[in-house]
Amino acid sequence: MCGIIGYSGKLQAANVLLEGLRNLEYRGYDSAGISLFTKSGLKTYKAQGRLSQLEALLGENLPEGQCGIGHTRWATHGAPSNVNAHPHASGSITLVHNGILENYMELKEVLLKKGRVFASQTDTEVIAQWLDEEYQQAHEPIKAIRKTLKALKGSYALGILFAEHPGVIYAVRKDSPLIIGLGQGENLIASDITAILTYTRDYLLVEENEIAMITPEQAKIYSPEGEQLVKREPCRADWDIGAAQKGGYAHFMRKEIDEQPHALEATISPRVNNGQIDFSVDHVEDAFLSNFHSVQIVACGTAMHAGMIGKHLIESLARIPVSVNIASEYRYSNPIVGKDDLVIIVSQSGETADTLAALRLAKLHGARTLAIVNVVGSSIAREAERVLYTYAGPEIAVASTKAYSVQTAMFYLLALRIAYLSGNMDTDKIFRYVEKIQAISQMVKDSLKTAPICKEIAADLVDSSDLFYIGRGLDYCLSLEGSLKLKEISYLHSEAYAAGELKHGTISLITEKVPVIAVATQSSILEKMISNMREVKARGGFVVVICQAGSNIPEDAADRVIYLPDSVKDELLAPLAAIVPLQLIAYEIASLRGCDVDKPRNLAKSVTVE
Ligand code: AGP
């Protein structure tokens, strides 16, 4: 969702801010703006729509100045418009905000009674005006910010300029991410690492309600209470700027699909030691993964779909009961969970508001919490008891692809270790399985060779208005993910069903040429899938099946067949191969329809509000 960038240094800030905002575009936004200190004072420029609108407003000769803040806004309070775009100003204060101020009505009423007038409908302007009130009393930025924070309820990351303090940016956060980028003679603030990578890979994390202050030469953090400075070791991002650029691809999504073999290798190899699974690099000790009654997996969207595969794997390899929970439901469900349960939280961004709230709830109940997260230092990674990082690198496209694959791979590793620790698999069995796991990267590389047939099939399907995905067991989990991928980027309606459920209602929607994508990778239930495909064909539907190499698919059961590579050595691993054609079909259909593949309408990469 919204993105923040701030710069104080030797370069022209407008250039840096615009570039930072471009690198934050993937988070999703509907307006953008910047404020900077110029020779004639603090100036603000903002525009509804894409960044190109803001660039048009700024014109060829960018305003000069070496310190400023920028923002991409994803509307929550008040429609997308020039006036609601950030930065918002009041008196000598100008600020940008990510998050949601829950008590903004209450605060606004107090301010209205004081005779204040509001220009926008945003909760953010309330913060600006409140801070202005405090600043008029305190005449000192840090004191005024600290007093203001006491009044705020909700989530926020704020970048603040005070007109009387040119060259200085103040920043503070709670439940929304914010980092300080450390450069040479320049410093930055940003809502995520991708915005600062051009300038530095060194950064400081800002903890809740600490107040940060940056100038070109200094980056200081003050503790939430009192004035003392916090000493903190910088972190170093191992992502490079190339990873966050398109590198010749038309879209990030297509590049990220191709990056899956590498991401899988990077995620799997540090956890394999002498043919066994070993999480010692992650400091996840065996005792932590032993002796629990049940596993509860909690996540949203694609991460939840990876969790569904995880359930199958842990249950079939370790024979321990697992539930999969949608985080937004879990957090309000009064879950039956306690110290004898392991709660696994899955999130690419590590900032998803519902997932974070579910983690906090599980901790409150005393459960063991383990996070599978891609973004180092994110809120979920910091708050979970243990964390297993996936090494997908930056995922820029809103539609998650490589993050899904590495989350799923992590579940293979976890399931095997838990199976060993629970006495369900011995070292010999694990050894044989690990050999297959080590071949996953090559298997996915082979699966990428389905790209040409996926493109052809996309051309067959592009004019459809409704599509269905069916599968059983693991293939049902894949169907859900394939369907989500298609609808989020192509805006075509699609639904996924457990194949046996179709005839309990949905089959009434199958008429002439309605496409049904059948995922049929499991040989033990292939015959059942073929029956379901025939049921569709008998009603005129157009069946595309994704199956193992060498599967015998009768002519009357499918119109198009996508065979997975013969390097799929174990059916339990087939999801990692089968997801590739599902991603490619969605991508090709969306491209053919001319959709904004990487930034689909209404969506944000990291959903930091409920
Ligand atoms: C998937 O393509 C979506 N972008 C979405 O479902 C995503 O997986 C979900 O919002 C969870 O995000 P997270 O992994 O960052 O928590």
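In this predicted model, Arg 417 is in contact with Ile 277, Phe 279, Asp 286 and Leu 289, when its neighbours within four places in sequence are left aside. The residue belongs to helix α12, which spans residues 402–421. Arg 417 counts as buried, because its relative accessibility is 13% and the limit for that class is under 20%.

From this residue the account turns to the sheet. Strands of a sheet pair through backbone hydrogen bonds, in either a parallel or an antiparallel manner. Here, six strands make up an open sheet, arranged in the order β5-β6-β7-β8-β12-β13, and their pairing is antiparallel. The edges are formed by β5 (88–90) and β13 (219–222), each of which pairs on one side only. From one strand to the next, the twist averages 20°. At the β13 edge, four bridges join this strand in the antiparallel sense to β12, residues 211–214. Within this part of the sheet, Ile 211 stands opposite Tyr 222 of β13.

Two helices pack on the sheet. Helix α4 (residues 123–138) touches β5, β6 (93–98) and β7 (156–162), and its direction makes about 140° with that of β6. Helix α5 (residues 141–151) touches β7, β8 (169–174), β12 and β13, and its direction makes about 20° with that of β8. Strand β7 is thus listed among the contacts of α4 and also among those of α5.

Charged side chains supply a further set of links, with 33 salt bridges in the structure. One of them joins Arg 232 to Glu 210, with the closest N and O atoms 2.7 Å apart. Arg 232 lies in the loop between β13 and β14 (235–236), and Glu 210 in the loop between β11 (202–205) and β12, so the pair ties together parts that are 22 residues apart in sequence. Arg 232 is partly exposed, its relative accessible area being 26%, whereas Glu 210 is buried, with a value of 6%.

Another salt bridge is formed by the side chains of Arg 560 and Asp 460, at 3.0 Å from N to O. This pair links distant parts of the chain, 100 residues apart: Arg 560 is in strand β26 (residues 560–563) and Asp 460 in helix α15 (residues 451–461). Asp 460 counts as partly exposed, at 40% relative accessibility.

A salt bridge also occurs within a single helix. Lys 485 and Glu 481 form such a pair, their closest N and O atoms lying 2.7 Å apart. Both residues belong to helix α16 (residues 474–490), and because they are four residues apart, about one helical turn separates them. Lys 485 is buried at 1% relative accessibility, and Glu 481 is buried at 0%. Elsewhere, salt bridges with shared partners join Lys 114, Arg 116, Asp 132 and Glu 133 into one network.

Helix α15, which carries Asp 460, also takes part in helix packing. Two packed helices are described by the angle between their axes and by the distance between those axes. Helices α15 and α18 (residues 574–592) pack at an angle of about 50°, with their axes 8 Å apart. This angle makes α15 oblique to α18. Their crossing is right-handed. On the α15 side, the contact is made by Ala 451, Cys 454, Lys 455, Ile 457, Ala 458, Ala 459 and Leu 461; on the α18 side, it is made by Pro 581, Leu 584, Ile 585, Glu 588, Ile 589 and Leu 592.

How values were computed. Residues numbered from 1 in each chain as written. Predicted model: local features only at pLDDT ≥ 70, side-chain atom pairs only at ≥ 80, totals over all residues. Heavy atoms only, no water. Pairing = 2+ DSSP bridges. Axes fitted to C-alpha atoms, helices over the stretch in contact; angles between N-to-C directions. Contact = heavy atoms within 4.5 Å. Buried < 20%, exposed > 50% of the residue type's maximum accessible area, 1.4 Å probe, protein only. Salt bridge = Lys/Arg side-chain N within 4 Å of Asp/Glu carboxyl O. Parallel < 35°, antiparallel > 145°, perpendicular 65-115°, else oblique. Left-handed = near helix turned anticlockwise from the far one by under 90°.
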